[in-house]
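Start with the model itself on screen. The walk below goes strand by strand, then turns to a single residue and to the confidence of the prediction.

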Amino acid sequence: MRLRSSLLFGLASLALMVASPVAAQGLVYVLNSGDATIEVLDGSTGQSRARIPVLREVHHLALTPDGSTLMIGDSGANEMLFVNPATGALLRREALSNPYHLGFSPDGTLLTITSLRRDQVDLYRWDGQGLQLAKRLDMPDMPSHMAYSPDGKQVYVTLQGTGTVVAIDLGTMEPLWTAEVGPEPAGIIWHQGKLLIGIMGSDHVAVLDPATRQVERRITVGRGAHALFPAPDGKAIYVTSRVDSRITVLDPMSLDIVRTLQVPGGPDCVTFDPQGRLWVTLRWKGRIGVVDPMTGAMETQRVGRSPHGIFYAATPSTPAATH
């Protein structure tokens with residue numbers, strides 16, 4: 001059944017009263033999960049341009065396949081916000097069950113949403129305009145992050161509560177297999193035929209072979225190993241470790257450690273600006289850091305409490321950023 005838009009004009013108007021949409025070299029969106037706001041920063045100066053109020057607790061976001069809209073999940077309020085990434089304008093809001101982590105399939109026709117609190121994974125059809133729920137799968141315990149196979153035939157979801165990864169067939173929309181990977185798995189990416197998983201309850205990245213369903217390697221990066229972010233130029237993979245407050249740089253070919261960047265404050269999510277710098281949310285400090293990946297030098301900017309997801313929306317004159 002197609003979701004109906006629930007346009008809450010009162011909050012939308014309030015967001016525009018806080019600050020009007022602006023044009024800059026780029027806008028950076030920071031999801032302040034601790035104080036129910038979306039911070040909009042000027043990508044050139046790092047200064048706050050606006051705060052969009054949300055109902056409860058935003059964590060993650062995804063850019064639509066055509067690049068026109070940021071979809072931001074308010075998991076605590078059970079709704080999705082749609083924002084123009086170029087201007088910061090709040091376009092609409094829709095009721096949606098507990099959207100925690102989310103991402104579009106490689107062909108852009110499917111959106112997978114993990115529901116950490118409700119123990120479910122939802123698969124939605126996307127036609128470029130709206131969402132239609134295709135399948136809801138009950139999961140054992142705390143589905144966290146997700147990643148697709150490059151051919152779009154499977155999606156892989158980490159289950160924090162059971163220490164496993166589940167593979168879901170997107171043709172049948174049914175689970176295929178589960179594999180044990182370690183305590184509290186969080187971030188997951190597909191890389192060169194393997195799955196790389198941040199083992200948050202320990203200190204390493206697990207390298208899982210989806211063909212054998214076995215962990216074939218463990219790369220020690222630091223306690224609270226959380227999420228992985230490939231650089232836009234493909235020359236590095238950055239791994240955040242929240243407890244030890246560091247970012248580990250991996251060589252994408254060998255997966256050996258190249259360097260370790262000390263990032264105080266509990267680094268969590270990362271986005272990249274057109275210069276290749278890392279914009280990092282610092283969960284424990286209520287700040288974001290802008291990190292030079294070569295020198296490790298970092299400048300910080302205060303944002304809201306417990307910042308989590310982050311996205312750099314570059315202007316059309318600069319290369320697109322990732323998140």
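Strand 14 spans residues 164–169. Five of its six residues are buried, so the rest of the structure largely encloses this strand. The model is a predicted one.

What lies beside strand 14? On one side of the sequence comes strand 13, residues 154–159. Strand 13 and strand 14 run antiparallel, joined by six bridges. One residue pair to look for is Tyr-156 with its bridge partner in strand 14, Ala-167. The two strands form a hairpin, with four residues between them. In that hairpin, look at Gly-163: its phi is positive, near 65°.

Strand 14 also pairs with strand 15, residues 174–180. Here too the sense is antiparallel, and six bridges make the pairing. Asp-169 stands opposite Glu-174 of strand 15. Strand 14 and strand 15 make a hairpin as well, with four residues between the strands. Met-173 sits in the turn and has a positive phi of about 60°.

Now move along the chain to strand 24, residues 267–272. How many of its six residues are buried? Six of the six are, and the strand is mostly covered. Its antiparallel partner is strand 25, residues 278–282, and four bridges link the two. Val-270 has Val-280 in strand 25 as its bridge partner. This hairpin has five residues between its strands. Gly-276 takes a positive phi there, near 90°.

Next, go back towards the start of the chain, to strand 1, residues 26–32. Val-28 lies in this strand. Is Val-28 buried or exposed? Its relative accessibility is 0%, which is under the 20% cut-off, so Val-28 counts as buried. Leaving out residues up to four places away in sequence, Val-28 touches Glu-39, Val-40, Leu-41 and Gly-43, along with Trp-279, Ile-310, Phe-311 and Tyr-312. Asp-74 offers a distance to check: 46 residues separate Val-28 from Asp-74 along the chain, and their C-alpha atoms are 18 Å apart.

Finally, consider confidence. The protein chain has a mean pLDDT of 91, and 90% of its residues reach 70 or more. Two stretches call for separate mention. Over residues 1–24 the pLDDT stays under 50, and the model gives this stretch 44 contacts beyond four places in sequence. Residues 317–323 also have pLDDT below 50; their contacts in the model, beyond near neighbours in sequence, number 19.

Key: Residues are numbered from 1 along each chain as its sequence is written. This is a predicted model: local features need pLDDT of at least 70, side-chain atom pairs count only at pLDDT 80 or more; totals for chains, interfaces and linings use all residues. Side-chain values use heavy atoms; hydrogens and water are left out. Buried means under 20% relative accessible area, exposed over 50%, partly exposed in between (1.4 Å probe, protein chains only). Contact means heavy atoms within 4.5 Å. pLDDT is the predictor's confidence in each residue, from 0 to 100. Two strands pair if DSSP finds at least two bridges between them.
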